[in-house]
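Reader: I would like to learn how to read side-chain features from a set of coordinates. Could we work through a case together, taking each feature in turn?

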Amino acid sequence: MVKQLEWRRGNGPRAAAAVLAGLVLLTGCGGGADGDDRPAVPPTATGTLEQLASKTDCEPNLQTDAEEIRQANCRTGDGRYVLATFATDRGQREWLNEANDYGGSYLVGRKWVAVGDAKVVTALRGRLGGTVETASPHHSGDSGGGGSEDGHSGHHKS
C-alpha cells in the first residue's frame with residue numbers, strides 16, 4: 001500500500017513526483033485495461049447527487065435532503081444502491097465510520113459515497129471512479145459475551 005505523503009516535511013513536489021511515477025509503473029503506463037481484463041477506472045467523479053446519479057443512469061429517489069447530507073436510493077441495471085453526498089469531508093468520514101459498524105461495500109469519492117452489494121459497487125466504480133472500501137461488521141449479534149476485537153478485520157481499501 002502506498003504511504004500517505006507527509007507534505008509538512010517539505011517533500012511535497014519530489015514525493016508527489018515519485019508517487020506518480022510509481023503509480024504509472026503499477027498501472028502499466030496506459031489508460032486501458034490493466035492486463036487482467038478489467039476496465040480501467042475513470043478519474044473520481046465530482047458533482048451534486050443528481051449529477052453523480054446521472055453518470056450511473058439512475059433517477060435518484062431522494063430520501064434525505066439536509067444541509068450536511070443528501071441521500072437517495074438508486075436502481076440501475078447493475079442493482080440497487082444508496083448514494084449520499086456530504087457538505088464536508090469530515091461529515092463524510094464520520095458517516096463512513098458509523099456505517100462501517102454494519103459491514104458492507106462502499107464506493108468512496110470526494111464528498112460522496114455509494115453503498116451496495118460488492119458486485120454493484122464494483123460496477124459503479126467503472127462509471128464513477130473512486131475507492132472501494134469494505135468493512136466487516138464489528139458485532140455479529142449472536143456472539144454471546146463481550147469478546148475481544150482480536151482477529152477483527154475491520155476496514156479495508158482497494
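**Reading side-chain features**

Author: Let us begin with one residue, R127, which is partly exposed, with a relative accessible area of 34%. Please keep in mind throughout that this is a predicted model.

Reader: With which residue does R127 form a salt bridge, and how far apart are the closest N and O atoms?

Author: The general idea is that side chains of opposite charge can pair when their charged atoms come close. In this structure R127 forms a salt bridge with D78, and the closest N and O atoms are 3.7 Å apart. Because R127 belongs to helix α4 while D78 sits in the loop between β2 and β3, the pair ties together parts that are 49 residues apart in sequence. D78 counts as partly exposed, at 23% relative accessibility.

Reader: How many salt bridges does a search of the whole structure find?

Author: The search finds six salt bridges. One of them joins the side chains of R93 and E133, at 3.4 Å from N to O; this pair links distant parts of the chain, with R93 in helix α3 and E133 in strand β6, 40 residues apart. R93 is partly exposed, with a relative accessible area of 30%, whereas E133 counts as buried at 2% relative accessibility. There is also a network, in which salt bridges that share partners join E50, D65 and R70. Within it, the side chains of R70 and E50 meet at 2.8 Å, N to O, and they link strand β2 (residues 69–76), where R70 lies, to helix α2, where E50 lies, across 20 residues. E50 is partly exposed, its relative accessible area being 36%.

Reader: Returning to the helix that carries R127, which residues of α4 are buried, and on which side of α4 do they lie?

Author: The general idea here is that an α-helix has 3.6 residues a turn, so residues three or four places apart point the same way. In helix α4 (residues 118–128) the buried residues are V120, V121, L124 and L128. They cover an arc of only 95° around the axis, which means that they are on the same side of α4. On the other side of α4, K119 and T122 are exposed.

Reader: Against which elements do the buried residues of α4 pack, and what phi does G129 take just after α4?

Author: The buried residues of α4 pack against α2 (49–55), β3 (79–86), β4, β5 (112–116) and β6 (131–135). Just after α4, G129 takes a positive phi of about 70°.

Reader: My last topic is aromatic side chains: how many aromatic pairs does a search of the whole structure find?

Author: In general, a pair of aromatic rings is described by the distance of the centres and the angle of the planes. The search finds two aromatic pairs here. In one aromatic pair, formed by W95 and Y106, the centres lie 6.4 Å apart and the planes stand at 90°, an edge-to-face arrangement. Since W95 lies in helix α3 (residues 89–99) and Y106 in strand β4 (residues 104–109), the pair ties together parts that are 11 residues apart in sequence.

Reader: Are W95 and Y106 buried or partly exposed, and which residues form one aromatic cluster?

Author: W95 is partly exposed, with a relative accessible area of 23%, while Y106, at 3% relative accessibility, counts as buried. The cluster is formed by F86, W95 and Y106.

Note on methods
Residues are numbered from 1 along each chain as its sequence is written. This is a predicted model: local features need pLDDT of at least 70, side-chain atom pairs count only at pLDDT 80 or more; totals for chains, interfaces and linings use all residues. Side-chain values use heavy atoms; hydrogens and water are left out. Rings of Phe, Tyr and Trp (its six-membered ring) pair if their centres lie within 6.5 Å; planes under 30 degrees apart count as stacked, over 60 as edge-to-face and the rest as tilted. Helices (H or I, at least four residues) and strands (E, at least two) are DSSP runs, numbered from the N terminus. Buried means under 20% relative accessible area, exposed over 50%, partly exposed in between (1.4 Å probe, protein chains only). The arc is that of the directions from the helix axis to the C-beta atoms. Contact means heavy atoms within 4.5 Å. A salt bridge is a side-chain nitrogen of Lys or Arg within 4 Å of a carboxyl oxygen of Asp or Glu.
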